[in-house]
Amino acid sequence: MTKLTRRQAFGTVAGAAAGIAVAGIAVASANATPDKAGRFTTAATGTAAGTKHHHTAVPAPFSEVFEGRRIQGIPGDANAKSEAHGQHHTSATGYRVLIDGRELHVMQKPDSSWSSVMNHYQTFPDPHTAARAAVTSLMGADLVPHTPTA
Amino acid sequence: MTVRKNQANLTAAEKKAFVDAVLEVKRIGVYDEFVAAHRLRFALDMNTGVYVGHFGPSFLPWHRKFLIDFENELQKIDASVSIPYWDWTADNTVASSVWAPDLLGGTGRPLDDQVMDGPFAYSAGKWPINIQVDSRPFLARNLAYRVPTLPSRAEVDAALAIPTYDSAPFRDGSAGFRATLEGSAGYLSMHNRVHSWVWGQMESSVSPNDPVFWLHHSFVDKLWADWHALHPTSAEYLPAGGTVDVIDLNETMPPWPNTTPQSMLDHTPFYTYA
Ligand SMILES: [Cu+2]
Ligand SMILES: [Cu+2]
C-alpha cells in the first residue's frame, strides 16, 4: 500500500473533480480548503524526504541584479512543514527564488536538474541559472502568485 | 467522423472555422479551464514526484485525452471542426503557413514579445491571457529565439525506430520511444524543444494559452500513432503494472475518473489522421 501514499494525496483532488470532466479540476481546486493546499505542499515535502529521489545538496544562496532585476535564491529546510512557508509553494527542497521580491516557482527534477514555471520545458543546472532565464523571458513583466491548486 | 488534418493542407474556410471555434470556446470561459488544468497537472507532476501528464509513460495518453476533451468542446461550437496538426519537421520556419494571419498569427514584437497580428493578437480584443504565471495580459512569442531550429525529420525517424515504448525508471531520461519523443532524455530536444522554439507562454506551464499548443500536441499524438503502426508487435504501453509513482496500463489518469492508458491506445474511435 505504500505505493499509493502519494497518489492518494492528489487522488482526492481528482475525485472531487469526478464527473465534471477535465475542466472540473479548476472548479474543484477553486473550492480547495487550506487543508487541500497544505496536502499539496506536504506531498512535495514527502518527495524530498522520500527514499526514491536522491537530490543533491541544496544549492547556495545568491543575490544579484541581472538585466536590471533583483534576483535572489534562498535555501530552505527540506523537511520544513508547509505551514512554515504560509502560502508559498516552495520547491521540493524548500529552495526559494525571488525576482524583484516576487516568488518564482522553481522545482528540482528527479535527475537533480532544475526548472521553473517560466521555463518549464528546459532544465537548468541550478536555481540561479533558472532565475536568470526567467528574467529574460519576462521581458520586464512581473511574476504573479503561482497558485495552481488555489 | 473526426479527421485531423495537416494545417498546411487546410482550406481558408477550414482555417476560419477552427479559429472561430477556438475564439468562442475562449469567450464562454471554457478555454481557460483547460489552461488551468494543464498548469495544475504540470505543478503536480513537478512537485509530487508522481508522473501523470509529463515526465512519465502516460505523457502520451494523458495528452491524447486532453486533446479529445478540447476537440469535443470545439465541436459543440462547430461539429465540422477538428484539431489540425503542425508537422514542425516540415513547416519549420517563421514563414510557415501556421504563423500566417489567417491561422495563428506570427512572432512577437521585439519590445515585449507581444503577438501583433492574427486572430489571437491582444489588439484584436478576443484573446486576453487570464491564467498566467506573469503579469502579461497578451499572447507572447519569440519564434526561433531560444533555439534556432526545430527537430528534424531524421530525429523524429530515429525516435520512431525505437521498438520499446518506455523503460524503467519510467521518467526523465528513460530509454525508449516515449522519453525520446517527449524530449526529456536530452536538453531542449523533440517535443520540449518545440515549446522552447515558440517561446512566450508556450515555454511556461500555461502553454495552452497559445493555440499552437493543440497543433503541436496533435502532431506529437500522430507520431505516437505512427510509432504504433511501425511496431505492431511491441507492447503498446509500458509499464503493465505495479510501478510506484507511475501510471500503469490499467490505472486511471487524474483528473479523469475512468480514463486509463489502455483506454487511449486506439485513437480511431475518436478521430483519424489524414
Ligand atoms: Cu503538457
Ligand atoms: Cu507539450
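This section describes the fold of chain A, the nonpolar core, the salt bridges and the copper site of a predicted model.

Chain A contains four helices and six strands. Along the sequence these elements run in the order α-α-α-β-β-β-β-β-β-α. The chain has 150 residues, and 51% of them are buried. Among its contacts with a separation of 6 or more, 50% join residues 24 or more positions apart. The exposed area of chain A is about 6,400 Å². Carbon and sulfur atoms supply 57% of that area.

The largest nonpolar core comprises 96 residues. The residues with the most contacts inside this core are A:Leu104, B:Phe70, B:Leu74, B:Trp86, B:Trp88, B:Phe177 and B:Trp214. Helix α7 of chain B gives the most to the core, with nine residues. For B:Phe177, contacts were listed without residues up to four places away in sequence. On that basis, B:Phe177 touches B:Leu60, B:Ala159, B:Leu160, B:Ile162, B:Thr164 and B:Tyr165, among others. The list also includes B:Leu223, B:Trp224 and B:Trp227.

B:His231 sits in the loop between α7 (212–230) and α8 (261–264) of chain B. Its relative accessible area is 13%, so B:His231 counts as buried. Beyond its neighbours within four places in sequence, B:His231 is in contact with B:Leu160, B:Ala161, B:Ile162 and B:Pro163. Two of these names, B:Leu160 and B:Ile162, also appear among the contacts of B:Phe177.

Over all chains, the structure holds 22 salt bridges. Side chains of opposite charge can pair when their charged atoms come close. In chain A, A:Asp142 pairs with A:Arg69, with the closest N and O atoms 3.3 Å apart. This salt bridge links distant parts of the chain, its partners being 73 residues apart. A:Asp142 lies in the segment after α4 (127–138), while A:Arg69 belongs to strand β2 (residues 69–74). The two partners fall into separate accessibility classes. A:Asp142 has a relative accessible area of 29% and is therefore partly exposed. A:Arg69 is at 8% relative accessibility and therefore counts as buried. A:Asp100 joins A:Arg69 and A:Asp142 in a network of salt bridges.

Another salt bridge in chain A connects A:Glu103 and A:Arg96. Here the closest N and O atoms are 3.0 Å apart. Both A:Glu103 and A:Arg96 are buried.

In chain B, a salt bridge joins the side chains of B:Arg153 and B:Asp157 at 3.1 Å, N to O. Both residues lie in helix α4 (residues 153–160) of chain B. They are four residues apart, about one turn of the helix. B:Arg153 is at 35% relative accessibility, so this residue counts as partly exposed. B:Asp157, at 38% relative accessibility, is likewise partly exposed.

Chain B also supplies the protein donors of the copper ion (ligand 1). These are the NE2 atoms of B:His38, B:His54 and B:His63. They lie 2.0 to 2.2 Å from the ion. Along the chain, the donors follow the spacing H-x15-H-x8-H. B:His38 and B:His63 come from distant parts of the chain, 25 residues apart. B:His38 is in helix α2 (residues 30–48) of chain B, and B:His63 is in helix α3 (residues 59–77) of that chain. Both B:His38 and B:His63 are buried. The copper ion (ligand 1) and the copper ion (ligand 2) are 4.2 Å apart.

Notes. Residues numbered from 1 in each chain as written. Chains lettered and ligands numbered in written order. Predicted model: local features only at pLDDT ≥ 70, side-chain atom pairs only at ≥ 80, totals over all residues. Heavy atoms only, no water. Helix = DSSP H or I, 4+ residues; strand = E, 2+ residues; numbered from the N terminus. Buried < 20%, exposed > 50% of the residue type's maximum accessible area, 1.4 Å probe, protein only. Contact = heavy atoms within 4.5 Å. Areas by Shrake-Rupley, 256 points an atom, 1.4 Å probe, with all protein chains shown as cover. Core = buried A, V, L, I, M, F, W, Y, C linked by side-chain atoms within 4.5 Å. Salt bridge = Lys/Arg side-chain N within 4 Å of Asp/Glu carboxyl O. Donors = N, O, S within 2.8 Å, 3.2 Å for Na, K, Ca; no water.
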